[in-house]
Amino acid sequence: MELTFQVLGPVRAVEDGITLPTEGERPLVVLAGLLTHPGQEVGVAQLTRWLWDGDGPRNARASVHTYVSRLRRMLSTADVLRTGLGGYRLDVPENAVDLTRFRSAAARGRAAAERGAHAEAVAAFETALAEWSGEPLSNVESEVLRRDVVPALREEAQAVREARADAMLALGQHRQLIPVLTESAAEHPLRERVHEQLMIALYRAGRQADALAAFDRIRAVLDEELGLRPGPGLREVRQAIITADPALDHRPHATPSPVPRQLPADVAGFTARTSELAELHGVPSGVVLLEGTAGVGKSALAVRFAHQVAADFPDGQLFLELAGFSPGGPASPDALLARLLWAIGVSGEEVPAGPAERAALWRSRTADRRYLLVLDDAWDTAQVQPLLPGAGCLTLVTSRRRLGGLITRHGARPITVQRFAPSDGGELLRTSLADIQPESAAWVRALELCAGLPLAIRILGERVNRQAGRSLEAVVAEFDEDAVLRGFDLDDGDDSNLAALFAYSYAALPAPVARLFRLLGLHPVGGVSARSAAALAAVDVHEARRLLHQLTAAHLAEQRHPDRWDLHDLLRDYAVSLTAEKDETATARLVDWYAASAVNAFDASRPYTEAEGADGPAVERFSSADASADWVLSQQTNLIWAVQQAYETGLDRQSWQIARTMAHVFLMCGECTLFVRTHRTGLAAALRSDDRVGEAWMRNGLGLALLGMGEADRAVAEYEQALSAWRALSSVDGEMMCLFNLASAYTVLDRNEEALDAGYRALELAPRSGNPINVAAANGVLSDILLILDRPAEALTHAEQALAICEEVGAGWETGEARHGHGRALLGMGRCPEAEHSLGAALRIARELGSTALEGGVLCDLTRACYLLGQHDRARALQRELDGLVAANPTIAVDYRRHFRELADVRAGSAAR
């Protein structure tokens with residue numbers, strides 16, 4: 001949907017070419033007032049004055065609110081009407097309103113005229129005046145509003161007409177001007193500048209008498225109506241005509257240098273980008289597209305490369321700002337072509353009027369020449385295509401979009417400019433700051449805040465440098481105290497305001513894509529998949545993937561994996577800022593999706609138990625236990641968020657279901673702190689809703705986590721409460737699972753007889769569960785207990801049974817555990833070579849699975865086996881590996897404390913020998 005507005009004529013809102021109907025005259029007054037004050041918040045008092053041509057009724061504020069509500073309904077397809085503290089504001093792109101387009105084009109014309117580019121100035125002024133379609137606000141029933149704004153608007157238009165006439169006179173187009181200025185002089189009989197221009201045009205056309213007659217007419221009108229004499233400008237022109245002063249003759253505009261050198265100055269402190277520059281140096285001609293998100297340094301890279309190769313382009317280096325994502329942009333290709341032609345020596349008179357003819361002339365004049373052309377900040381392929389030079393030139397295009405048409409139709413080579421890695425960001429920060437201590441806590445935090453965006457790093461550096469005595473620590477603290485994105489604004493225009501740059505990119509998005517971008521601010525930071533996006537936005541997976549690809553093409557999202565997208569931290573902050581209130585419905589959809597997917601992952605991790613099954617739109621499904629574990633690992637951050645979010649929003653069952661699914665992965669990775677945190681939240685949710693199943697699962701998980709943290713007493717307490725819940729639920733599976741977990745905890749507390757009793761009871765129940773892995777687990781627990789009781793032969797029997805079951809069913813992590821237990825039992829029997837073989841197999845499985853906890857336990861026992869075999873060099877090498885693993889994961893030494901004691905005894909004995 002494209003929504004545009006008109007005030008330079010009848011006030012209208014136009015959506016896709018269709019004028020939207022207004023609900024009465026007064027909403028139109030509100031719309032006109034907001035449009036004629038672009039970007040400003042208009043107060044209720046001012047609106048009241050315009051609506052009632054002075055003082056309003058007693059209930060004016062309520063009435064204004066009613067008219068604003070009607071206007072909001074009228075514009076319902078676009079969320080553009082904002083409510084402020086004391087009034088209202090229209091938040092629309094600048095190029096959506098004819099008034100702002102008019103002013104932007106006029107500004108471009110004045111800038112062109114100042115640097116002598118008169119043909120370009122005329123084109124810009126004509127573009128500006130084309131925005132007018134009649135008397136401003138002609139259909140608005142508010143005398144006060146029209147009196148406030150229309151005279152000033154008329155004056156702006158007349159000033160542009162006069163500036164256009166000046167530029168046309170400079171181009172020698174005096175004959176074309178005479179009828180225009182004659183009409184304007186009749187409309188404005190007292191406007192001296194118009195008459196000056198008319199006199200000059202007539203004189204240059206050889207009509208000296210008519211020029212003097214024009215002076216006589218305005219002199220008479222001034223005397224009759226105002227009692228004034230003509231001003232000095234008019235008198236000087238008259239005298240120059242009488243004396244035929246050569247200064248009054250047209251002098252053709254000086255031909256610009258035949259070798260244009262328009263590149264901006266190279267960027268000071270430019271760092272990194274080695275690979276991108278190398279790739280650019282491999283392109284001698286053609287088109288290169290440098291694409292990337294706002295603030296990532298596309299323009300800086302283009303300018304740096306252009307300076308490096310300038311000597312290879314002796315015919316000239318040209319630089320054009322296309323203003324694709326700037327106020328008043330994108331620039332018209334027609335006006336840009338005029339600038340290019342003028343820059344290579346085409347005089348104003350030679351520049352064709354039509355855009356197609358200008359493009360053809362541009363290609364002809366540049367064909368088989370060596371020009372370097374930089375087109376900065378392109379909007380789309382349609383804007384760039386007419387500007388492409390003839391064969392033999394090199395064109396660099398920068399854009400925040402992936403311009404697919406430029407790639408497919410014009411063979412452009414795309415180079416995505418990525419955010420800086422921490423090392424490159426650190427180098428840029430180092431060049432931006434003096435007397436700074438690298439790698440300090442503030443340094444690291446500063447780089448985190450900047451999210452790898454070079455512009456953000458430069459802004460942060462400037463905030464430190466511009467106040468004497470201000471430290472990096474102080475600036476970083478200010479960022480952390482306030483909304484982070486707000487800190488990346490130097491109050492010096494949009495070019496140094498990250499939020500403003502993001503806003504231009506966001507404003508260019510179609511409505512459905514913009515909606516998804518806003519919703520992604522609600523998504524946790526661990527990456528979004530097409531399926532989770534579908535749940536969040538309530539669309540199907542195909543549509544979600546399409547929208548995500550559009551966000552990626554606009555560089556408002558990054559695709560890190562075929563089905564994983566991310567927003568960097570500053571874009572996420574911007575997305576959050578666009579949603580004033582939390583969308584609880586969307587958040588609930590996402591939590592439900594994570595809960596349903598978690599149930600399916602839990603089912604897949606227990607292939608020999610009855611599946612609970614979960615269905616729903618876009619829910620994940622898993623073909624194996626490995627697939628479910630991979631998903632849980634990849635989604636760990638998001639699942640932790642979902643546990644807490646579900647609890648906070650009263651979705652109690654979902655909270656504990658998601659926490660339960662993460663238990664197995666936490667065990668594998670030794671993440672006991674996160675394990676406890678999620679399960680305490682899940683337990684609180686289960687208790688709040690009196691859900692005994694949830695309570696039992698959560699207490700069992702808490703026991704596992706607490707045991708891993710060395711808190712065996714507290715683990716036993718949780719297991720016993722879980723066991724009570726499972727028995728109340730008549731759950732054989734739950735009771736059996738709790739019994740062998742209790743047995744493990746008892747052994748840590750040296751309550752070995754209780755451990756053996758619990759182990760045998762678990763083994764007795766296990767076959768009734770229908771899950772062979774439970775039988776294997778019970779045998780494994782019994783093997784460990786029997787080793788502690790110095791009954792290694794019985795321990796080996798149970799270990800062999802556990803291993804046989806796991807290898808038969810093909811269970812990954814469980815097979816690693818069983819191999820570990822088998823190796824320990826063999827060590828207990830003194831069969832060290834066999835033990836070394838089994839433990840080596842367990843170590844390979846642990847490393848394949850990425851299970852640091854299992855790897856640590858196996859390394860401990862394998863090191864012991866090597867010492868017992870007299871393989872001291874290998875034992876010491878394994879010991880070093882073990883020490884490194886424990887240093888990174890201290891809980892390993894707690895989980896396997898008995899193993900470490902046994903290893904210490906063997907090492908001591910080996911040293912004594």
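Student: Which side chains meet in a salt bridge at 2.6 Å, N to O?

Tutor: The side chains of Asp148 and Arg49 do so. As a general idea, side chains of opposite charge can pair when their charged atoms come close. The term salt bridge is used here for a side-chain nitrogen of Lys or Arg within 4 Å of a carboxyl oxygen of Asp or Glu. Asp148 belongs to helix H6 (residues 143–170) and Arg49 to helix H2 (residues 44–51), so the pair ties together parts that are 99 residues apart in sequence. Helices (H or I, at least four residues) and strands (E, at least two) are DSSP runs, numbered from the N terminus.

Student: On what basis should these values be read?

Tutor: This is a predicted model, in which local features need pLDDT of at least 70 and side-chain atom pairs count only at pLDDT 80 or more, while totals for chains, interfaces and linings use all residues. Residues are numbered from 1 along each chain as its sequence is written, and side-chain values use heavy atoms, with hydrogens and water left out.

Student: Are Asp148 and Arg49 buried or exposed?

Tutor: Buried means under 20% relative accessible area, exposed over 50%, and partly exposed in between (1.4 Å probe, protein chains only). Asp148 is partly exposed at 34% relative accessibility, and Arg49 is partly exposed at 31%.

Student: How many salt bridges does the structure hold?

Tutor: The structure holds 45 salt bridges. One of them joins Glu448 to Arg445, with the closest N and O atoms 3.2 Å apart. These two residues are three residues apart in helix H18 (residues 441–450), which means that about one helical turn separates Glu448 and Arg445. Glu448 is partly exposed at 43% relative accessibility, and Arg445 is partly exposed at 29%. Another salt bridge links Glu855 with Arg847, the closest N and O atoms being 2.8 Å apart. Here Glu855 is buried at 13% relative accessibility, whereas Arg847 is partly exposed at 39%.

Student: Which residues are linked in a network of salt bridges?

Tutor: The network links Arg692, Glu695, Arg699 and Glu718.

Student: Which residues have a positive phi although they are not glycine?

Tutor: Most residues other than glycine have a negative phi. Ala323 has a positive phi of about 55 degrees, and Asp368 has a positive phi of about 60 degrees. Ala323 lies in the loop between strand E8 (316–321) and helix H13 (333–343), and is buried, with a relative accessible area of 14%. Asp368 lies in the loop between helix H14 (355–366) and strand E9 (371–378), and is exposed at 70% relative accessibility.

Student: In what order do the three strands of the open sheet lie?

Tutor: Strands of a sheet pair through backbone hydrogen bonds, either parallel or antiparallel. Two strands pair if DSSP finds at least two bridges between them. In this open sheet the order is E4-E6-E5, with antiparallel pairing. Strand E4 (42–43) and strand E5 (81–83) are the edge strands, each pairing on one side only. E5 and strand E6 (residues 87–90) pair over three bridges, and Arg82 stands opposite Arg89 in E6.

Student: Which helix packs on the sheet?

Tutor: Helix H1 (residues 25–35) packs on the sheet, touching E4, E5 and E6. Contact means heavy atoms within 4.5 Å. The direction of helix H1 makes about 70 degrees with that of E6; axes are lines fitted to C-alpha atoms, for helices over the stretch in contact, and angles run from 0 to 180 degrees between N-to-C directions.
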